[in-house]
Amino acid sequence: KGKNVVSYWDALLHPESVGRNVLIVSGQNGFQPPLTVADFLAERGHIVEVISELGFVGFDVERFIRGMLYDRLAKRGVALTGFTALRAIEGSSATVVDLYTKKERRIEGIDTFVIAAGARAEDTLYRALGGRAAGIQAAGDCIAPRGLFAAIYEGALVGDAI
């Protein structure tokens, strides 16, 4: 991991450390973080491209939310590139490959690479509160990283149990 490679959480928490030209790597999940961080950074004036190994970025995002985000991203000039995998990062350049044609493309002048893949459960608060209060239950990304509907469903189940 190079100095110019950050997680999407780092990009959201410390946008001042993200350079002007950004490549967001979505990987094999189709959830919302790549679109959200792209919107967040583009709103702050960054030039952003998002690549995804899936057919399109945000493949598993609920279609109305995805449509709203796509509209915002288009207005901010964000490039969304599907069927594309990251092969290598060399300094401020990336080599990406089209998964269908196998044609490689080199992207130059990237200040910051944001990795929005490989999510994990975020259960720090749940573990910290465990045993201190009655009835604490886990839901959503506290259990495992998934989509919005899983979190809403699990939150509703917890609410119904109260």
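**Exercise 1. In this predicted model, find what covers the buried residues of α3, and work out how those residues are arranged around the helix axis.**

Start with the cover: it includes α2 (33–43) and β4 (79–81). Next, pick out the residues being covered. In α3 these are Arg66, Leu69 and Leu73, which are buried. They span an arc of only 70° around the axis, so they sit on the same side of α3. The general rule behind this kind of pattern is that an α-helix has 3.6 residues a turn, so residues three or four places apart point the same way. Now flip to the face turned away from the buried side: there you'll find the exposed residues Phe64, Met68, Ala74 and Lys75.

**Exercise 2. Check the length of α3, then look at what happens at its N-terminal end and just after it.**

Take the length to begin with. Helix α3 has 13 residues (63–75), and at 1.5 Å a residue it should span 18 Å. The end C-alpha atoms are 18 Å apart, so the model agrees with the expectation. At the N-terminal end, glutamate 62 acts as the cap, with a side-chain oxygen 3.0 Å from the backbone nitrogen of phenylalanine 64. After the helix comes glycine 77, which has a positive phi, near 80°.

**Exercise 3. Decide how enclosed α2 is, and say what encloses it.**

Count first: eight of the 11 residues of α2 are buried, so the rest of the structure largely encloses this helix. The buried set is Pro34, Leu35, Val37, Ala38, Asp39, Phe40, Leu41 and Ala42. Then list the neighbours. The cover includes α1 (8–13), β2 (21–25), β3 (47–51), α3, β4 and β8 (112–115). Phe40 deserves a second look, since the charged end of arginine 44 sits over its ring, 3.6 Å from the centre. Finish with the residue that follows α2: glycine 45 has a positive phi, near 95°.

**Exercise 4. Classify the ring pair of phenylalanine 83 and tyrosine 100, and work out which parts of the chain it ties together.**

There are three aromatic pairs in total. In this one, the centres of phenylalanine 83 and tyrosine 100 are 4.6 Å apart and the planes make an angle of 70°. Planes over 60 degrees apart count as edge-to-face, and that is the class of this pair. Now place the partners. Phenylalanine 83 is in the loop between β4 and β5 (84–90), while tyrosine 100 is in the loop between β6 (93–98) and β7 (104–107), so the pair links parts 17 residues apart in sequence. As for accessibility, phenylalanine 83 is partly exposed at 31%, and tyrosine 100 is exposed at 61%.

**Exercise 5. Describe the surroundings of serine 93: is serine 93 buried or exposed?**

Locate serine 93 in strand β6. Its relative accessibility is 4%; buried means under 20%, so serine 93 counts as buried. Leaving out residues up to four places away in sequence, serine 93 touches Ala88, Arg106, Ile107, Glu108 and Phe113. With glutamate 108 there is also a side-chain polar contact of 2.6 Å.

**Exercise 6. Zoom out and sketch the whole protein chain.**

Tally the elements: five helices and eight strands. From the N terminus, the order is β-α-β-α-β-α-β-β-β-β-β-α-α. The C-alpha atoms fill a box of roughly 55 × 30 × 30 Å along the principal axes. Of the 162 residues, 34% count as buried. To round off, take the contacts with a separation of 6 or more: 63% of them are between residues 24 or more positions apart.

Notes:
Residues are numbered from 1 along each chain as its sequence is written. Side-chain values use heavy atoms; hydrogens and water are left out. Helices (H or I, at least four residues) and strands (E, at least two) are DSSP runs, numbered from the N terminus. The expected span of a helix is 1.5 Å times one less than its number of residues. Buried means under 20% relative accessible area, exposed over 50%, partly exposed in between (1.4 Å probe, protein chains only). The arc is that of the directions from the helix axis to the C-beta atoms. Contact means heavy atoms within 4.5 Å. A polar contact is a pair of N or O atoms within 3.5 Å; within protein, one must be able to donate a hydrogen and the other to accept it, and residues adjacent in sequence count only if both atoms are side-chain atoms. Rings of Phe, Tyr and Trp (its six-membered ring) pair if their centres lie within 6.5 Å; planes under 30 degrees apart count as stacked, over 60 as edge-to-face and the rest as tilted. A charge sits over a ring if NZ of Lys or CZ of Arg is within 6 Å of the ring centre and within 35 degrees of the ring normal.
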